[in-house]
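Biologist: Got a minute to look at this one with me? I'd like to go through how the chains meet.
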Amino acid sequence: MASNILVYVEQRGGNIYPATFQLMHVAAELASKTGGQVEACVIGSGIAGLADKIAACGAKKVYLADDAEFESYRVMPYASALSAAIDAASPKTVLMPTTALGRDLASRVGARKRAALVIDCTEVDADGEDLIATTPMYCGKVSSKFRLTGDRLQMVTIRSNVYPAAEPADGATAETVSVAAALRAEDTRLSLKEIVSTTSGVKDVTEADIVVSGGRALKSEENFKIICDLAEVLDGAVGASRAACDAGYQPHTRQVGLTGKVVTPAMYIACGIDGAIQHLAGMRGSKVIVAVNTKAEAPIFKLANYGCVIDLFVLVPLLTQEFKKLLER
Amino acid sequence: MNILTVIKQVPDSNAAIKVKGDASGIETAGLKQVCDPFDEFGVELAIQLREKRGDVEDIAVICLGGDKASEAMRTALAMGADRAIHINDPKFESMNELFAAYTIAEAIKKDEQNYDLIVCGKYNIDLDSGAVGPALAEFLDWPHVGAVTGLEIADDGKSFTARRRIEGAEEIVECTLPALLTIEKGLVEPRYPSLPNLMKAKKKPVQVLTSAELPGVEASTAGTHLDSMTPPPPRPECKMIEGEPEEMARELVRLLREEAKVV
Ligand SMILES: Cc1cc2nc3c(=O)[nH]c(=O)nc-3n(C[C@H](O)[C@H](O)[C@H](O)COP(=O)(O)OP(=O)(O)OC[C@H]3O[C@@H](n4cnc5c(N)ncnc54)[C@H](O)[C@@H]3O)c2cc1C
């Protein structure tokens, strides 16, 4: 019976997506229960050098699909490469990050392999041959546990920042296995023309440890400067409610919520955000939530760990100053 | 050009969700259900393509769901789709999205129409997974582009350029048709169906498919079973911070450092 855990290592331009190291942590936990080992798969071009970094975090074997064809992400070639790695490794479980790429690839490869699949898990655990995967549903109003049976390949994508990262150990090495790229003509119907950064130097809300968000109460793009200033001192990202994005105060790439992005930072500071259920769907998984709102009954306080009933235009600049004092020391 | 949009009936995002006593699912009695807002983006896109281009002949919607799902189809038909395909059989009701995609793929393979474009929402707001679109593309062996925020289809209808949202960036891809797209918020703003159009929608054709018409679906993807459903873990009581603004700021920063340890 298969018992190994295969981690998909997402990389762009040779940079490993940070949540990968969290997947390595989960993989080690699962492998200790299944009696298997942690293995990894990297797809890209000129990525052989990444194997050591992955080995340091616990992978005993690294499957490398290293080919000019994989220079940039295209779903069909990557799906073929990941399928080939799965064939070579015959793992019990494949772990992937909940990212645009992870959702895409897991769904396609899951379909191809007739796998048991759950997307965006906040918890996974082995139960005998089965895998129990917990995932939020219905805008986060429900948490569901799915049983992925052991009679087939189990695939899950895991939400960022819910698990700690595996600690790298010096000197660990892994066996590397190269995976051939057997592409069909059909796999190249799609090609990448360009990647345009939408964060222009600032962090994306999905990647930052701290997110400072503003709502309709900000009233204008200019006023958002106080939110941006606070985010900057905290080395965080700027988020916004849909009302703020629809009014043009912030780009839609910063919208948090059901129709925006789902974020799970260590701290989420909601300023002048009411806490509509669709907003909560995007940030309720944050570890610590701070709410700043003039209205004590605002639903955001039901979710918050710390609440301040006050005009944000008064408090936010003061907070920025206080954090500056603290962090510059 | 023939376009198929995949839609689903889901609980309204504003509706309170109650888990059944035995944790086996949610209470659906009296629950307000709507066409998934992301799927409405797909329907709207199809209609805008018809309005912009001269070559869109057929806009069909396909919906997997029970009797209630006819409401979602009516919304789509009232928005401007020409006809609907309703896959309705208790055997197909499942929370397994790969199974759903497989079932829809079988229905599409049996359909006499040749589609050039299939459009889905980025994900559905009930399961919040987004696996149906990519898995459907896989079962059809079509390329797909997920989370599309921009779209330019060539005049000859043979290829397109799309923008799609990824973490911190947007990809611009080129692809041939046929293809499947999943739509992100921001590409189009769905129109509200007018009352006369809602009335007219009642007369548009709806083809119903059951397991009798889709015998191939038996040999499907299983292996994912719901064990239990619970409300999300409760959050700790909110600590309200009082005092003058300066004190408040100082106290909050102190708590975040010493108690919450996040800075
Ligand atoms: C299908 C669907 C999907 C949706 N998706 C999303 C989504 O992804 N993300 C999202 O955010 N919303 C989403 N919404 C919209 C959501 O329902 C709310 O309308 C929206 O979140 C409200 O934004 P807001 O809290 O900024 O604005 P408001 O509801 O107007 O709240 C403003 C808040 O600011 C407070 N305030 C006012 N002045 C001040 C001040 N000076 N200082 C401090 N506080 C002040 C007020 O007390 C109030 O609580 C969706 C809705 C639907 C139907």
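Modeller: Sure. In this predicted model, 94 residues of chain A are in contact with 82 residues of chain B.

Biologist: How much area do chain A and chain B bury between them?

Modeller: About 7500 Å². Carbon and sulfur atoms account for 59% of it.

Biologist: Which three residues supply more than any other three of the area chain A buries against chain B?

Modeller: A:Tyr138, A:Arg189 and A:Tyr306. Together they supply 10% of the area on the chain A side.

Biologist: Switching to charges. How many salt bridges between chain A and chain B?

Modeller: Nine. One salt bridge pairs the side chains of A:Asp246 and B:Lys185, at 3.3 Å from N to O.

Biologist: And how many residue pairs are in polar contact between the two chains?

Modeller: 42, counting pairs with both residues at pLDDT 80 or more.

Biologist: Which element of chain A gives the most to the side that touches chain B?

Modeller: Helix 4 of chain A, residues 100–112. That helix gives nine residues.

Biologist: What's the make-up of that side of chain A by class?

Modeller: There are 48 nonpolar residues, 21 polar and 25 charged.

Biologist: Now strands. Which strand of chain B is joined to strand 18 of chain A?

Modeller: Strand 13 of chain B, residues 239–240. Strand 18 covers residues 306–309 of chain A. Two bridges join them.

Biologist: Parallel or antiparallel?

Modeller: The two strands run parallel.

Biologist: What does A:Tyr306 stand opposite there?

Modeller: B:Lys239, in strand 13 of chain B. A:Tyr306 is also one of the three residues I listed for buried area.

Conventions: Residues are numbered from 1 along each chain as its sequence is written. Chains are lettered from A and ligands numbered from 1 in the order in which they are written. This is a predicted model: local features need pLDDT of at least 70, side-chain atom pairs count only at pLDDT 80 or more; totals for chains, interfaces and linings use all residues. Side-chain values use heavy atoms; hydrogens and water are left out. Contact means heavy atoms within 4.5 Å. Buried area is the accessible area (1.4 Å probe) that two parts lose on being put together, summed over both. A salt bridge is a side-chain nitrogen of Lys or Arg within 4 Å of a carboxyl oxygen of Asp or Glu. A polar contact is a pair of N or O atoms within 3.5 Å; within protein, one must be able to donate a hydrogen and the other to accept it, and residues adjacent in sequence count only if both atoms are side-chain atoms. Helices (H or I, at least four residues) and strands (E, at least two) are DSSP runs, numbered from the N terminus. Ala, Val, Leu, Ile, Met, Phe, Trp, Tyr, Cys and Pro count as nonpolar, Asp, Glu, Lys and Arg as charged, and the others, Gly among them, as polar. Two strands pair if DSSP finds at least two bridges between them.
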